[in-house]
Amino acid sequence: MKNRNIDLRSDTVTLPKPEMIKAIAQAELGDDILREDPTVKKLEKKAAEILGMEDALLVISGTMANQIALMSLSQRGEEVIMGYNSHMYNLEGAGIATLSQVQVRPINIINGYYNPKDIEDSISVGDIQKPKTALICIENPYNLNSGVNITVENMRQVKEIANKYNIPVYLDGARIFNAAVAMDVKPVDLCKHVDAMQFCLTKGLGCPLGSILAGNKDFIEQARVNRQRLGGGMRQAGIIAAPGIYALDQMIERLEQDNKGAKQLGKGIASIPGIELNLDSLQTNIISFSLTSEEWDADRLVKYLNNKNIQVKKIGSREIRMIVHYQITESDIDYVISIFNRLFNNENYIMMHST
């Protein structure tokens, strides 16, 4: 029996690497509100260069980054377009309504494609009865429960429509580096058709805290003001920035291992009777599947797997999500596959692996 806990609930559960802790201890510090923390400035400059943006800003979380961006790019009473399954729309405590006081115009995103026609049809120039469209929001990878990649060409198409109406485009790129690695493109390629974006340091990059908001200098200046309004101004924030610098130097290329691990895990359970899993959806480090066996529901499966030292996330009454991260080893994946096969009585697997 596997003794070590295998936590597949999210890539946010990772503990910082020893090198990150060492970087924190050695970080030069200063007051970030006064723009005097050298480590923060180094991280922000490095992030902006990687993304091809003019400037960047360190914030506490991806949710804060998204809400600051909305506050900076829209006005009260306007409207923003985004996908139905966007994190900003579903999982940020109604921040769009309470902080920016703007209205969401959600659209369907099918197979990771932002249909330019759907976007254009949703745009309003505003009149006495309709709110004006202030912003178009893209999420890449799209949907935290599937992690589908949005291509550079599709992002170009969205930007072309946005330019036609002089509307900015914002990218929620929480796991943008997973997408870039999966599509074999540079992060800058996924940012060249947007006006501003954010990525999380705490997900695939394995940092304990923080996200980066990036855009042109005017946008970042306004974002800095809104960060302060939200109570997000920090003092000696170099203790957050130091692990981020390490992550950008050391943790991006290795994300390919997580993406491959997810494919290995997904393929290992996709053929099991009682599990429905679309292998085409395995594009980054996220695996989602449905339970088709009448014997199992999500609650029962979560409980059973916990007893086997495996943690997964329930995302529906019969839906489960698993995310591979740097602390998940190849032997962990093999163990999880074996447990699933024996749990669902996959006779072919059991015969092949019996001794």
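Trainee: On the other side of helix α2, are K45 and E49 buried or exposed?

Mentor: K45 and E49 are exposed, that is, over 50% relative accessible area, with buried meaning under 20% and partly exposed in between (1.4 Å probe, protein chains only). This is a predicted model, in which local features need pLDDT of at least 70 and side-chain atom pairs count only at pLDDT 80 or more, while totals for chains, interfaces and linings use all residues. Residues are numbered from 1 along each chain as its sequence is written, and side-chain values use heavy atoms, leaving out hydrogens and water.

Trainee: Which residues of α2 are buried?

Mentor: They are T39, V40, L43, E44, A47, A48 and L51. Seen down the axis of α2, these buried residues fall within an arc of 165° (taken from the directions from the axis to the C-beta atoms), so they line one face of the helix.

Trainee: What do the buried residues of α2 pack against?

Mentor: They pack, with heavy atoms within 4.5 Å, against several elements, including β2 (55-59), α8 (176-183) and α10 (238-250). After α2 comes G52, whose phi is positive, near 75°.

Trainee: How should I read the sheet, and in what order do its four strands run?

Mentor: Strands of a sheet pair through backbone hydrogen bonds, either parallel or antiparallel. Here the open sheet has the order β9-β10-β13-β12, with antiparallel pairing (strands are DSSP runs of E, at least two residues, and two of them pair if DSSP finds at least two bridges). The edge strands, β9 (275-276) and β12 (313-316), each pair on one side only. Between β9 and β10 (residues 286-291) there are two bridges, and E276 stands opposite S290 in β10.
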